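Subject: Structure handover and findings

Hello,

Here is the structure I promised to pass on. Please open it next to this message, as my notes follow directly below.

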Amino acid sequence: MSDSLPEAEVGAVAEGVPEAVPEAEPAYDPAAPAPLNVDRTPSGNADVDGQLGRLADTDHLATDGHVEVYEDVHRGLRDALTALDARPGPPAPPSTYGNRS
């Protein structure tokens, strides 16, 4: 008998039975990209919702790629806000006081 293997294993190896090899578990890489799974509530504005939806692109990028997406989304949101300011609003109601002289 061998000192390095228990008797049951020595018998199985001697009979030609292959040893059970444990399955390798997938390696966990904490630095790998992972989805944040952040819920996004629709705002009702198609431009804003499109920009916020673009944030999901970061789920598949390494951290150093996030900055480009964030800056692009920020620029798009700023443009959407600027467009809201540029639109003419409803006409002001007529004055009920009239012109006094």
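Which helix do the buried residues of H3 pack against? They pack against helix H2, residues 46-54. Please keep in mind throughout that this is a predicted model.

**Overall layout**

The chain has three helices and zero strands. Along the sequence the pattern reads α-α-α. Of the 101 residues in the chain, 8% are buried. Take the contacts in the chain with a separation of 6 or more: residues 24 or more positions apart account for 38% of them.

**Helix H3**

H3 covers residues 66-86, which is 21 residues. From first C-alpha to last, H3 reaches 30 Å. That is close to the 30 Å expected at 1.5 Å a residue.

The buried residues in H3 are His66, Val69, Val73, Gly76 and Ala80. Seen down the helix axis, they fall within an arc of 100°, so they line one face of H3. On the other side of H3, Glu68, Asp85 and Ala86 are exposed.

**How H2 and H3 pack**

The axes of H2 and H3 are 9 Å apart. The packing angle is about 175°. H2 and H3 are therefore roughly antiparallel to each other; the cut-off for that label is over 145 degrees.

Which residues meet between the two helices? From H2 come Asp47, Val48, Gln51, Leu52 and Arg54. From H3 come Val69, Asp72, Val73, Gly76, Leu77 and Ala80. Val69, Val73, Gly76 and Ala80 also appear among the buried residues of H3. Arg54 and Asp72 come up again below, as a charged pair.

**The loop between H2 and H3**

Thr58 lies in the loop between H2 and H3. Is Thr58 buried or exposed? Thr58 counts as buried, at 5% relative accessibility. Leaving out residues up to four places away in sequence, Thr58 touches His66, Val69 and Tyr70. His66 and Val69 are themselves buried residues of H3.

**Salt bridges**

Side chains of opposite charge can pair when their charged atoms come close. How many salt bridges does a search of the whole structure find? It finds three:

- Arg54 and Asp57 meet through their side chains at 2.7 Å, N to O.
- Asp72 and Arg54 meet through their side chains at 2.8 Å, N to O. Asp72 lies in H3 and Arg54 in H2, so this pair ties together parts that are 18 residues apart in sequence.
- Arg75 and Asp72 meet through their side chains at 3.8 Å, N to O. These two are three residues apart in H3, separated by about one helical turn.

Arg54, Asp57, Asp72 and Arg75 are thus linked in a network of salt bridges. What about their accessibility? Arg54 is partly exposed, with a relative accessible area of 27%. Asp57 is partly exposed too, at 38% relative accessibility. Asp72 is partly exposed at 26%. Arg75 is partly exposed at 41%.

**The loop between H1 and H2**

Two residues here are worth a look. Ala32 sits in the loop between helix H1, residues 7-14, and H2. At 36% relative accessibility, Ala32 counts as partly exposed. How far apart are Ala32 and Thr63 in space? They are 9.0 Å apart, C-alpha to C-alpha, with their positions 31 residues apart in sequence.

Val38 is found in the loop between H1 and H2 as well. At 48% relative accessibility, Val38 counts as partly exposed. Val38 and Ala56 are 18 residues apart in sequence. In space they are 8.7 Å apart, again C-alpha to C-alpha.

**In short**

H2 and H3 pack roughly antiparallel. The buried residues of H3 line one face of the helix and pack against H2. A salt bridge between Asp72 and Arg54 ties H3 to H2. Thr58, in the loop between these helices, is buried.

Best wishes

Definitions and conventions:
Residues are numbered from 1 along each chain as its sequence is written. This is a predicted model: local features need pLDDT of at least 70, side-chain atom pairs count only at pLDDT 80 or more; totals for chains, interfaces and linings use all residues. Side-chain values use heavy atoms; hydrogens and water are left out. Helices (H or I, at least four residues) and strands (E, at least two) are DSSP runs, numbered from the N terminus. The expected span of a helix is 1.5 Å times one less than its number of residues. Buried means under 20% relative accessible area, exposed over 50%, partly exposed in between (1.4 Å probe, protein chains only). The arc is that of the directions from the helix axis to the C-beta atoms. Contact means heavy atoms within 4.5 Å. A salt bridge is a side-chain nitrogen of Lys or Arg within 4 Å of a carboxyl oxygen of Asp or Glu. Axes are lines fitted to C-alpha atoms, for helices over the stretch in contact, and angles run from 0 to 180 degrees between N-to-C directions. Angles under 35 degrees count as roughly parallel, over 145 as roughly antiparallel, 65 to 115 as roughly perpendicular and the rest as oblique.
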